[in-house]
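Visitor: Please take a close look at one part of this model, the nonpolar core. I would like the residues at its centre and what surrounds them.

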Protein chains: 4
Amino acid sequence: MGGYGYHGGFFPVLDSAMFEQTITPRFYETDAFGHVNNTVVTGWFETGRAPLFRLFGDAENPASMPLILARVEVDFVAQIYYGSDVILRAAIERIGNSSFVVIQQAWQNGALVARGRAVQVYFDHKTQASAPLPDDLRDALAQHEGELPEN
Amino acid sequence: MGGYGYHGGFFPVLDSAMFEQTITPRFYETDAFGHVNNTVVTGWFETGRAPLFRLFGDAENPASMPLILARVEVDFVAQIYYGSDVILRAAIERIGNSSFVVIQQAWQNGALVARGRAVQVYFDHKTQASAPLPDDLRDALAQHEGELPEN
Amino acid sequence: MGGYGYHGGFFPVLDSAMFEQTITPRFYETDAFGHVNNTVVTGWFETGRAPLFRLFGDAENPASMPLILARVEVDFVAQIYYGSDVILRAAIERIGNSSFVVIQQAWQNGALVARGRAVQVYFDHKTQASAPLPDDLRDALAQHEGELPEN
Amino acid sequence: MGGYGYHGGFFPVLDSAMFEQTITPRFYETDAFGHVNNTVVTGWFETGRAPLFRLFGDAENPASMPLILARVEVDFVAQIYYGSDVILRAAIERIGNSSFVVIQQAWQNGALVARGRAVQVYFDHKTQASAPLPDDLRDALAQHEGELPEN
């Protein structure tokens, strides 16, 4: 299941249904410990979910997207360094009636450095209430269902 | 258990062993939905834990603090608005062998808007390994053990 | 012109027409140099201008404020440390036809640590064009005109 | 001097001595106006200077870099939108005795959206004092001297 990894390391090859993007840590994202600050990772994971947001609407008019975030969890597995790129991965773990769960990872130099989960709720901003996921969105999400391998 | 709340609302009176601080949302913390962006809350909760960091070392030399963050969880309970102050609360939920769990809340206008949990690990930055919590720190943390009431 | 300063230092007493607020640096605002990252200061200065934004509209509906930022300048005078509060000051330096200039300062431990300037333009978000400042706003701004002493 | 631009627009072709990188705006970088918040741009411009930082030291040990930021200026030329990539450009405008000036731009959809300037000072973190730029660094910087065309 492994493959030739980033910067010479090994990391799992991602199923094409999953989302992957590469970001470069920014200097202002470090903190006085000399590494990337932990609170930055929830921002990166929001970015890792951005391809999913596009299923729900127009990036040029983000306020129209019928989505809210209900919960996040992040496990900080290893320190994240300035100076090497980070690969963000995301997949749909579970689709509920009006919500879905995204699993997420960050990899650096071939090692898993953070994993997390986000619960997004289908939400009507006009009525300020959640609503059942329409079938077309449920189908679109299902195409990205899967696990994110860790080794 | 209630008390005269902030901006006329009601919210629970905090036991003096818990940590409480008030912050003012900043305009750049809003996003295109018009509210405070969710990813900001993990930064606020780090700030809510800052009084605990001081038990572990010198704020003027933060890199010397023998602490790392292993995990965070946040439930986004209600939208957070620009224009009203937010009260951050923190207490120690559980003390383990080399780690402890912090429970955290954010309140705005008398309503709970976010709750979370952070797992902090006692960590020797020189050996890059966790270590058992020394007794004096265990005692200091125990003085802030408690629950955060939600109503 | 001096006065009993913050944390025992000396710093100039502010004319009551000026805006002043105190903020506590957050750990995630530090960077690998161990101090507050420079790019944070433009965010703080936005916060220092927030009382001015309120002259232009409703904080609960910030998107309605007829204001855009045209330019910022910041001089980083001294390093800014985690662990001590920072005082933000702002005053109106000059009022033009459709814009005004805000002068700003950040002080820590009785020393000036950053100074800056922001050019804000009165702007109609519907027509996407600047417009002359109405007389009532011009008068409200004029009440906060002044210099920010540096010693 | 023009060329086929990004997303079908036209923008100037960059001399190879200049630095260029592409970043994708993140949702949390927007604000309640629905666009990218202005204070984000100083962070982006720090990122735009990162290739220069590498001339001064090891990205894995950023705290060792003998550089501080003395001043920034940013002109916000046009609104910056979520949903389209941004090109960051940087070049050395002037090399002084112990400092140098970087000119910077941000382009989106073929249009200049922000321009700025940063004054960086060669700085010995041990003595906490500025120092004359050594000849090898002066030569390295000189290879990136130039103007950034605006049309």
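Guide: The largest nonpolar core has 70 residues, and those touching the most other members are Val41(A), Val74(A), Ala106(A), Val41(B), Val74(B) and Ala106(B). A nonpolar core here is a set of buried Ala, Val, Leu, Ile, Met, Phe, Trp, Tyr and Cys residues joined through C-beta atoms within 7 Å. Buried means that 20 or more other C-beta atoms lie within 10 Å of a residue's own, exposed that 12 or fewer do, and partly exposed is in between, with C-beta atoms placed from the backbone. Leaving aside neighbours within four places in sequence, Ala106(A) is in contact (C-beta atoms, placed from the backbone, within 7 Å) with Val41(A), Trp44(A), Val86(A), Leu88(A), Val113(A) and Ala114(A). Another core, of 69 residues, lies apart from the largest one and includes Val40(C), Leu69(C), Tyr81(C) and Tyr81(D).

The model is predicted: local features need pLDDT of at least 70 and side-chain atom pairs count only at pLDDT 80 or more, while totals for chains, interfaces and linings use all residues. Residues are numbered from 1 along each chain as its sequence is written, and chains are lettered from A and ligands numbered from 1 in the order in which they are written.

Chains A and B both supply residues to the list of most-connected members. A turn of 180 degrees with a shift of 0.0 Å along the axis lays chain A on chain B with an RMSD of 0.0 Å, superposed by least squares on the C-alpha atoms of residues with pLDDT of at least 70 in both. This is the relation of a two-fold axis. Within chain A, the C-alpha of Glu73(A) is nearest the axis, 2.1 Å from it. Both copies use the same surface, as 100% of the contact residues of chain A recur in chain B.

Methods
Contact = placed C-beta atoms within 7 Å.
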